[in-house]
Amino acid sequence: MKFTKMHGIGNDYVYVNCFKETVEDPEKTAILVSDRHFGIGSDGLILIKPSSVADGKMEMYNADGSQGAMCGNGIRCVAKYMYDYGITDKTSISVETKSGIKYLDLTVENGKVSAVRVNMGSPVLQAAAIPAVSEKETVIDEPVTVNGREWRLTCVSMGNPHAVTYVEDVKHLDIEKIGPEFEHHPMFPDRVNTEFAHVIDRHTVEMRVWERGSGETLACGTGACATAVASVLNGYTEDEVTVKLLGGDLKIFWDRKENNVYMTGSATTVFDGEIAL
Ligand SMILES: N[C@@H](CCC[C@H](N)C(=O)O)C(=O)O
């Protein structure tokens, strides 16, 4: 299987051009390629496919083989791949995902895409649609007990489920211990991605993420969008913020007039390769 390793601020995936390649068993392939000792090493697998309704289609799998409906860092890399490898010559493109068609604007420098702005669509706040089990219609700054401690959660779907909680110190958090407790909490029947965020000022938030199906990653694009939305809803920030993640920064803007979230960030190619499956 020919592949390209790419990352969006350190959130790395193995990308396969399914305009040319066929991946018979994507779940099994995701587990195999993601292994950082016995595989290629990544947070998962992303297939770039032809689409009948958009310029291309993204199909994403976490490191444990489970499928994610949306991937913010992944979709920027899909756009870069499609332009840099000649699938499209357009600088405004559409990509079909399991959570709908997304629209992207590409920044090209010296013939290659360096950054991408994505219209990530509208955040979903209804608990049942996230899904999050709650007596309330939405979960905004609600107390929830996880691992014997009370945390205050704000839940948002950006096409995939997120629980955002605010902490004083993101650096010294024992995320390997607490992350799985959130992921498998009975409140989240489909599991959840969890963002541990700290507000620096009204335009800046830092966060670490525990991703459903992949564990701690250096960044999560949908997670950054969910954190920005949660921070506005809780009155902590303005509508436009820089989200600082372990792997770098993302600019997030929640345009509340049109109710769309815009994410801008880099996309990077690491290397091309070939693996015998
Ligand atoms: N890293 C991604 C999100 C990947 C999917 C997620 N783990 C899920 O299962 O929903 C991003 O950049 O958004």
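Val-108 stands opposite Val-113 in strand S8 of this predicted model. The pairing behind this is between strand S7, residues 100–109, and strand S8, residues 112–119, which run antiparallel to each other over 7 bridges. S7 and S8 form a hairpin with 2 residues between the strands, and Asn-110 in that hairpin takes a positive phi near 50°.

S8 also pairs in the antiparallel sense with strand S17, residues 260–266, over 5 bridges. Here Asn-119 has Tyr-262 of S17 as its bridge partner.

**Two cysteines**

An unreviewed UniProt entry lists Cys-71 and Cys-220 under "active site". The two positions span 150 residues in sequence, yet their C-alpha atoms are no more than 7.6 Å apart, so they gather at one spot.

Cys-71 lies in the loop that links strand S5 (67–68) to helix H2 (72–84). Cys-220 is likewise placed in a loop, between strand S14 (215–217) and helix H4 (221–233).

Are these cysteines buried or exposed? A residue counts as buried if 20 or more other C-beta atoms lie within 10 Å of its own. Cys-71 has 30 such neighbours and is therefore buried. Cys-220 has 35 C-beta neighbours inside 10 Å, so Cys-220 is buried too.

The table gives the residues that each cysteine touches, leaving out those up to four places away in sequence.

| Residue | C-beta neighbours within 10 Å | Residues touched |
|---|---|---|
| Cys-71 | 30 C-beta atoms | Ile-46, Met-58, Met-60, Gly-221, Thr-222 |
| Cys-220 | 35 C-beta atoms | Asn-11, Gly-72, Asn-73, Asn-193, Val-209, Glu-211 |

Among the contacts of Cys-71 are Gly-221 and Thr-222, and helix H4 covers residues 221–233. In turn, the contacts of Cys-220 include Gly-72 and Asn-73, and helix H2 covers residues 72–84.

**Two domains**

The domain assignment divides the protein into domain 1, made of residues 2–121 and 265–274, and domain 2, made of residues 127–258. The C-alpha centres of domain 1 and domain 2 lie 23 Å apart.

Across the boundary, 22 residues of domain 1 are in contact with 20 residues of domain 2. Which elements give two or more residues to the side of domain 1 that touches domain 2? They are H2 and S17. By residue type, that side of domain 1 divides into 6 nonpolar, 14 polar and 2 charged residues.

Key
Residues are numbered from 1 along each chain as its sequence is written. This is a predicted model: local features need pLDDT of at least 70, side-chain atom pairs count only at pLDDT 80 or more; totals for chains, interfaces and linings use all residues. Two strands pair if DSSP finds at least two bridges between them. Helices (H or I, at least four residues) and strands (E, at least two) are DSSP runs, numbered from the N terminus. UniProt positions are given in the numbering used here, feature names are shortened, and annotations may be inferred rather than shown by experiment. A residue is buried if 20 or more other C-beta atoms lie within 10 Å of its own, exposed if 12 or fewer, and partly exposed in between; C-beta atoms are placed from the backbone. Two residues are in contact if their C-beta atoms, placed from the backbone, lie within 7 Å. Domain bounds come from an automatic or database domain assignment. Ala, Val, Leu, Ile, Met, Phe, Trp, Tyr, Cys and Pro count as nonpolar, Asp, Glu, Lys and Arg as charged, and the others, Gly among them, as polar.
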